[in-house]
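Me: I am new to this structure and would like a close look at a single part of it. Please take me through that part carefully, in connected prose.

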Amino acid sequence: MAITSTQYDLVYDVLSFSFATMMATTIFLWMRVGSAAEKYKSALIISGLVTFIAAYHYMRIFNSWVEAHEWTGGALVKTSVPFNDAYRYMDWLLTVPLLLIEIVLVMKLSPEEIVSKGTTLGISSALMIVVGYPGELVMGGDLSTRWVYWAAAMAPFLYIVYTLLAGLSAATDSEADPAIRGLIKKAQVWTVLSWCTYPIVYIFPMMGITGSNAVVGIQLGYSVSDIISKCGVGLCIYQITMAKSAAIKAGGEEAPLL
């Protein structure tokens, strides 16, 4: 089933919007690094790096989408250049581990715990993405293979969700300031909720959504999820760093550990 002009324009606009949102968030976060306490500058820099990398890949996805289609005689047709959506997985392979690390960096953890949690969460997220990618290539026919990769990728996914909501709960609850504790919980919950949309988008083809509808649905679904999980969580991290920086200036936080 060919892409209609309406579908093409919809994906075109959403990819363009995603690129602009990622880049705007990057600029804002990096310009605010100087206002953060030394201890939390790394978290803010990494937050901006996540959206910067995402902005670059959204530019590549956008260009690939444009190059894969052209207008001929007033009709939209596919070109000989295939649409390359692998950019999205390359983006996730870089940004998802960093996104988890930025959350760990603003929590009340010792340097050893930060390294330990950052490493395990980073490796788990990379494994999740690597395992899930082969199934993403199966868009039609026998979708049992796609189900297998989906199920395999859900194992590290569930571990990450458990760690964010339960494994790190003691560190979250140890925050003396209820406002900061609430912001950290918000970042954790927001991350989990936005991430839960990815497995749902992944199974669109298995839900009977086929052809161009599946392609468009996947592009729109992943783009919205990326904006929430990268820009939304990044701004939550910004709020946490500013609140903790203010606490340090007021003498209410321990001396910097990093």
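Reply: Helix α2 is the element that gives the most to the nonpolar patch, contributing three residues. This is a predicted model, and every value that follows was computed from it. The patch lies on the surface, covers about 340 Å² and is made by W30, I45, L49 and F52. One of these residues, L49, is found in α2; with a relative accessible area of 32%, L49 is partly exposed, because values between 20% and 50% fall in that class.

Helix α2, which spans residues 41–67, is also one of the elements against which the buried residues of helix α1 pack. Helix α1 itself runs over residues 5–31, so that its 27 residues reach 39 Å from the first C-alpha to the last, close to the 39 Å expected at 1.5 Å a residue. Its buried residues are Q7, Y8, V11, L15, S18, T21, M22, T25, T26 and L29, and besides α2 they pack against β1 (69–72), β2 (75–78), α3 (86–105) and α9 (211–249).

Aromatic residues give a second view of α2. The structure holds 14 aromatic pairs, and one of them is formed by W65 and F83, whose rings are edge-to-face, at 5.1 Å centre to centre and with 85° between the planes. Since W65 lies in helix α2 and F83 in the loop between β2 and α3, the pair ties together parts that are 18 residues apart in sequence. The two partners differ in their exposure to the surroundings: W65 is buried, with a relative accessible area of 1%, whereas F83, at 23% relative accessibility, counts as partly exposed, because the cut-off for a buried residue is under 20%. Both W65 and F83 belong to one aromatic cluster, which they form together with Y8, Y12, F62 and W71. Of these, Y8 has already appeared among the buried residues of α1, so the list of that helix and the cluster that includes W65 share a residue.

For a view of another helix, one may turn to T191, which is found in α7, the helix of residues 178–195. T191 is buried, with a relative accessible area of 0%, and, leaving aside residues up to four places away in sequence, T191 touches L99, I103, L164 and V233.

Notes. Residues are numbered from 1 along each chain as its sequence is written. This is a predicted model: local features need pLDDT of at least 70, side-chain atom pairs count only at pLDDT 80 or more; totals for chains, interfaces and linings use all residues. Side-chain values use heavy atoms; hydrogens and water are left out. Helices (H or I, at least four residues) and strands (E, at least two) are DSSP runs, numbered from the N terminus. Buried means under 20% relative accessible area, exposed over 50%, partly exposed in between (1.4 Å probe, protein chains only). Contact means heavy atoms within 4.5 Å. Patches are made of residues with over 30% relative accessible area and no salt bridge: like charges are joined within 9 Å, nonpolar side chains (Val, Leu, Ile, Met, Phe, Trp, Tyr) within 5 Å. Accessible areas come from the Shrake-Rupley method with a 1.4 Å probe; for residues, only the protein chains shown count as cover. A salt bridge is a side-chain nitrogen of Lys or Arg within 4 Å of a carboxyl oxygen of Asp or Glu. Rings of Phe, Tyr and Trp (its six-membered ring) pair if their centres lie within 6.5 Å; planes under 30 degrees apart count as stacked, over 60 as edge-to-face and the rest as tilted.
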